[in-house]
Amino acid sequence: MIMEKVILTGDRPTGRLHVGHYAGSLKRRVELQNSGKFDRIFIMIADAQALTDNFENPEKVRQNIIEVALDYLAVGLDPSKTNLFIQSQISELTELTFFYANLVTVSRLQRNPTVKSEIQMRNFEASIPVGFFTYPISQAADITAFKATVVPVGDDQLPMIEQTREIVRKFNSIYDEVLVEPEALLPDNEACMRLPGTDGKQKMSKSLGNCIYLADSEEDVRKKVMSMYTDPEHLQVSDPGHLEGNAVFTYLDAFSNDAHFAEYLPEYHNLDELKEHYQRGGLGDVKIKKFLNSVLQEELAPIRARRAEFEKDIPAVYEILRKGSDAAREVAAQTLAEVKRAMRINYFDDAELIRIQSEKYLQ
Ligand code: TRP
């Protein structure tokens, strides 16, 4: 049997998506979608996972489903090629999670570095909700239910993929070869891997107010770019500037190409020349920020326009998610049936079992 190439990935709906999501994952997903190299693509709004640390805030999760869906459609994910669905609507995923939980130890979960740092960030140390602690198992269910071969994610998700691979190997060796081991697919550009906030802080996060959102207006983007963090020692234009930790240059690494220079800053051929001049001194921050603004506006304008179109018909967007969820459920149900058969818990569709047992008692 030739193995299908299947993508599954997703996002927690806890806010609108920003350019960090775009550089780190969304842009790649659209390229993969349009490459024609995949048999099936599933992109999931991970509301159940979002609830593991927002269980007191269900309305926030509920309101952000549509925001994430609009962002997906805006960047060019196309429901005729990519299945967009909502995690909680696929109850098969929770069933798989329950069975996989037998294959994972508490100490293994405790070693997950991403979960560890999230526990710290959320002040969960004193009492960790079980649901949150075990979300890597549920993520393994998300991935394996669709027999995903490729999971495009940021590097913070590598521990989840590794955990999934371990569950797959253990399941297949104990029961039967049902599940497929997935591979992570990381962004190929270092700057895209983790775009800093506009304030230069390591991560873009809503609570820090340092995000450029895909849905931001042209004016908002311009304002945010013009007040971005650069190099605190670069006080005068003539001073030599540093690139290390300079958010504007990280963004340029992530988004600019030579064609942008030809169009908006023809004095330079490419980013290397611009960096060189900046480090030498004599290049002001305003100039590099204006250039970054042009680059970002070019990238974001079509996304904003497409979002505005979809915003005009919200019921249609919910319909896309409903259809996607129905289709996803069928695939997950098929895998769950195979899992149950392998685990010997498929009593009613096993005529052989009933026949053998009745013969045993008739003798
Ligand atoms: N953990 C991912 C995040 O925080 C979201 C997610 C849930 C996911 N299930 C997944 C990603 C399965 C990839 C595959 O962004």
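# Notebook: a loop residue, a ligand site and two helices

**Gln-89.** I looked up Gln-89 and found a relative accessible area of 42%, so this residue is partly exposed (buried is under 20% relative accessible area, exposed over 50%, partly exposed in between, with a 1.4 Å probe and protein chains only). The model is predicted: local features need pLDDT of at least 70 and side-chain atom pairs count only at pLDDT 80 or more, while totals for chains, interfaces and linings use all residues. Residues are numbered from 1 along each chain as its sequence is written, and side-chain values use heavy atoms, with hydrogens and water left out.

Gln-89 sits in the loop between β3 (83-86) and α4 (92-100) (helices are DSSP runs of H or I with at least four residues, strands are runs of E with at least two, both numbered from the N terminus). Neighbours within four places in sequence aside, I find Gln-89 in contact with Ser-325 and Arg-329 (contact means heavy atoms within 4.5 Å). I also checked a distance: the C-alpha atoms of Gln-89 and His-269 are 51 Å apart, with the two positions 180 residues apart along the chain.

**Whole protein.** I count 17 helices and five strands. Along the principal axes, the C-alpha atoms fill a box of roughly 100 × 45 × 40 Å. Of the 363 residues, 50% are buried. Of the contacts between residues at least 6 apart in sequence, 75% join residues at least 24 apart. The exposed area is about 18,300 Å², with 52% of it supplied by carbon and sulfur atoms (Shrake-Rupley method, 1.4 Å probe; for residues, only the protein chains shown count as cover).

**Ligand.** I looked up what surrounds the ligand and got 13 residues, the closest being Arg-12, Gln-49, Gln-139, Asp-142 and Gln-157 (a residue is near a molecule if one of its heavy atoms lies within 4 Å of it). I then went through polar pairs. The side chain of Arg-12 has an N or O atom 3.1 Å from an oxygen atom of the ligand. For Gln-139, a polar side-chain atom is 3.0 Å from a nitrogen atom of the ligand. For Gln-157, an N or O atom of the side chain is 2.9 Å from a ligand nitrogen atom. On its own the ligand exposes 360 Å², and the protein buries 90% of that.

**Helix α8 and Lys-147.** Gln-139 and Asp-142 are both among the buried residues of α8, so I checked that helix (residues 135-145): eleven of its eleven residues are buried, so α8 is largely enclosed by the rest of the structure. After α8 comes Lys-147, with a positive phi near 50 degrees. Lys-147 lies in the loop between α8 and β4 (150-152), and its relative accessible area of 23% makes it partly exposed.

**Arg-344.** I noted another positive phi in a residue other than glycine: Arg-344, near 65 degrees. Arg-344 is in the loop between α16 (314-342) and α17 (351-362). Its relative accessibility is 58%, so I list it as exposed.

**Helix α12.** I find eight of the nine residues of α12 (residues 247-255) buried. The buried set includes Phe-249, Tyr-251 and Phe-255. The buried residues of α12 pack against α1 (19-35), α10 (190-193), α13 (258-264), α14 (271-280) and α15 (285-311).

**Arg-16.** I looked up Arg-16 in the loop between β1 (6-11) and α1. At 36% relative accessibility, Arg-16 is partly exposed. Beyond neighbours within four places in sequence, its contacts include His-21, Asn-64, Glu-67, Asp-71 and Arg-307. Asp-71 is 55 residues away along the chain, yet its C-alpha atom is 7.3 Å from that of Arg-16. The side chains of Arg-16 and Glu-67 form a polar contact of 2.9 Å (a pair of N or O atoms within 3.5 Å; within protein, one must be able to donate a hydrogen and the other to accept it, and residues adjacent in sequence count only if both atoms are side-chain atoms).

**Asn-54.** Last, I checked Asn-54, in the loop between α2 (47-51) and α3 (58-75). Its relative accessibility is 10%, so Asn-54 counts as buried. Its side chain makes a polar contact of 3.2 Å with the side chain of Asp-53. Outside the neighbours within four places in sequence, Asn-54 is in contact with Thr-14, Lys-60 and Val-61.
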